[in-house]
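Okay, thanks for making time, everyone. Let me put the structure up and then walk you through it.

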Amino acid sequence: METRRLGIIMNGVTGRMGTNQHLIRSILAIIQQGGVKISPEFTLMPDPILTGRNENKLRALAEMHGPAVIGEPLKYTTDVPGAIDGKHDDYEIFFDASGTLQRTKFVEMAVSAGKAIYCEKPTAVTTDEAIRLAKLAEDAGLKNGVVQDKLWLPSFRKLRMLNEQGFFGKILSVRGEFGYWVFTGLDYDQPAQRPSWNYRAEDGGGMMIDMFCHWRYVIDNVFGPVKSVVAHGATDLPKRRNENGEVFDATADDSAYAIFLLEDGTVCQFNSSWCTRVRRDDLLTIQVDGEKGSAVAGLREVHVQSAAETPKPVWNPDIPQPIDFYDGWQLVPNNIEYDNAFKIQWELFLRHVALDEPFRWTLREGAKGVQLAELGMKSWHDHCWVDVPAL
Ligand SMILES: NC(=O)c1ccc[n+]([C@@H]2O[C@H](COP(=O)([O-])OP(=O)(O)OC[C@H]3O[C@@H](n4cnc5c(N)ncnc54)[C@H](O)[C@@H]3O)[C@@H](O)[C@H]2O)c1
């Protein structure tokens, strides 16, 4: 029985995504399950070191989560360059979940040290910068990847299954409704539930740069390549309160409305808003309408309606609606177990690093998301359709 240790520097891990999705639900969950089992004789075992700026936060995280999983606090250091340079043991992977604007300098350091690089999206806020980072890693021959978690959500896997089975026939349109109310923090006893930098463009915030990265890989991978975009953004709520209790001006878009036209003519329309109250199945719902059938996906569950089950409504507002439209849909069963989406992608990346297995969700793929966001902003500011050139 061979166990191969994979040292991972986890940077910016005290943040929301770093702690919850990457540390607890991915890396610690992998350690807890006994590693990534490649064969009965061979296992990959992550060995993380937490890095960041604030020693107290790192220590608290290390002490809170280490003992139950590895019998002692996790390793940590505020010496990020030292960790990258091998001063705190040998770590072959560098992972970054720090703020978007911090990403560049950390990725550059990791490239110089020859690490395999994995990081959160967006990789940058401009396409040029995102491509530059991708090239840096490619030219150095380094394995690299960007988080594209939504691809492994149960519902998106089901949509892919339905599509590959021909359930939809020709897909005509796709409509995504994303968002929920993010409190401003201005009202008594109603604290905000997302980091305040999300609402400041100067700190890398904004709905388009945040969500169009996701819409790009979701659309490209599940429905087909995006050809052009028309978008509009807005800053619906002009003031919010930050983590220190101070009121600040929101300078970034907190809602975005976009139509993405695919190369095959499919129309994908996505509304994204932090200023909307949810009355739908989930925080993200995607309706796919095809000639032969439709589906409505939440984050986990998918409902389908085939052509034969489609009711025939007649417009008549003078009587109560005689059709219960929710009745005509079937729930797609959960025939397999769906693991955490971030964890699945982490396991694929670890296999890529250790075994050279293919991994196509690279920094270059991540740059396509930044490109769509940037072109969305161009469309918004220029009031026009914008084509999406190949990168
Ligand atoms: N994949 C997804 O679904 C998803 C969802 C939300 C956010 N994100 C991305 O994840 C990243 C982090 O977002 P978040 O919501 O966790 O934000 P956050 O503000 O909660 O966390 C950011 C972390 O980076 C740290 N940080 C900031 N500057 C740093 C520096 N100079 N050196 C070291 N650490 C530094 C912060 O202390 C914090 O720990 C962002 O790029 C964001 O776009 C991805």
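So, α1 and α8 cross in the right-handed sense. Bear in mind throughout that this is a predicted model. Helix α1 covers residues 16-32, and its axis comes within 9 Å of that of α8, with a crossing angle of roughly 55°. That angle is why α1 counts as oblique to α8. Who makes the contact? From α1 we have Q21, H22, R25, S26, I27, A29 and I30, and α8 answers with F342, K343, W346 and E347. Sorted by class, that contact holds five nonpolar, three polar and three charged residues.

Stay with α8 for a second, and follow the chain onward. The loop between α8 and α9 holds D356. Its backbone is one to look at: phi of D356 is near 65°, which is positive, and the residue is not a glycine.

While we're on backbone oddities, there's a cis peptide bond too, going from K121 to P122, with omega near -15°. You'll find P122 in the loop that links β6 (116-119) and α5 (127-139).

Next, α9, and its packing against α7. Helix α7 is residues 207-223, and the two axes sit 7 Å apart at an angle of about 125°. With that value, α7 is oblique to α9. The crossing of α7 past α9 is right-handed. On the α7 side the contact uses M208, I209, F212, C213, W215, R216 and Y217. On the α9 side, it's E365, K368, G369, V370, L372, A373, G376 and M377. By class, the α7 and α9 contact comes out as ten nonpolar, two polar and three charged residues.

Now let me zoom out to the domains. The assignment for the chain has domain 1 as 2-149 + 340-370, and domain 2 as 151-338. Going by C-alpha atoms, the centres of the two domains are 28 Å apart. Domain 1 puts 16 residues into the contact, and domain 2 puts in twelve. Which elements give two or more residues to the domain 1 side? Those would be α8 (341-355) and α9 (363-382). The largest share of that side comes from α9, with four residues. In terms of class, the domain 1 side has six nonpolar, five polar and five charged residues.

On to the sheet. It's an open one, nine strands with mixed pairing, and the order is β17-β16-β15-β14-β8-β13-β12-β9-β18. At the edges are β17 (330-331) and β18 (386-387), each of which pairs on one side only.

Two helices pack on this sheet, so let me take them in turn. Helix α6, residues 154-164, touches β14, β15 and β16 (302-306), and its direction makes about 170° with that of β15. Our friend α7 also packs here, touching β8, β9 (226-234), β12 (255-262) and β13, and its direction makes about 25° with that of β12.

Let's step through the pairings, starting from β15. Strand β14 pairs with β15 (residues 293-297) in the antiparallel sense, over four bridges. One register point there is D289, whose bridge partner in β15 is S294. Next along, β8 (residues 171-179) and β14 (residues 284-290) are antiparallel as well, with seven bridges. If you want a pair to click on, V174 stands opposite V288 in β14.

Which way does β8 run relative to β13? Here the pairing is parallel, over seven bridges, with β13 covering residues 267-273. F178 has S272 of β13 as its bridge partner.

Then β12 and β13 pair antiparallel over seven bridges, and F260 stands opposite C268 in β13. Those two strands form a hairpin with four residues between them, and in the turn G265 takes a positive phi of about 95°. Last one: eight bridges join β9 to β12, and the two strands run antiparallel. The pair to look for is S228 opposite L261 in β12.

To close the loop, α7 is the helix to keep on screen: it packs on the sheet, and it makes that right-handed crossing with α9. And α9, in turn, gives the largest share of the domain 1 side that touches domain 2. That's my tour, so over to you for questions.

How values were computed. Residues are numbered from 1 along each chain as its sequence is written. This is a predicted model: local features need pLDDT of at least 70, side-chain atom pairs count only at pLDDT 80 or more; totals for chains, interfaces and linings use all residues. Domain bounds come from an automatic or database domain assignment. Two residues are in contact if their C-beta atoms, placed from the backbone, lie within 7 Å. Ala, Val, Leu, Ile, Met, Phe, Trp, Tyr, Cys and Pro count as nonpolar, Asp, Glu, Lys and Arg as charged, and the others, Gly among them, as polar. Two strands pair if DSSP finds at least two bridges between them. Axes are lines fitted to C-alpha atoms, for helices over the stretch in contact, and angles run from 0 to 180 degrees between N-to-C directions. Angles under 35 degrees count as roughly parallel, over 145 as roughly antiparallel, 65 to 115 as roughly perpendicular and the rest as oblique. A crossing is left-handed if the near helix is turned anticlockwise from the far one by less than a right angle, and right-handed if clockwise.
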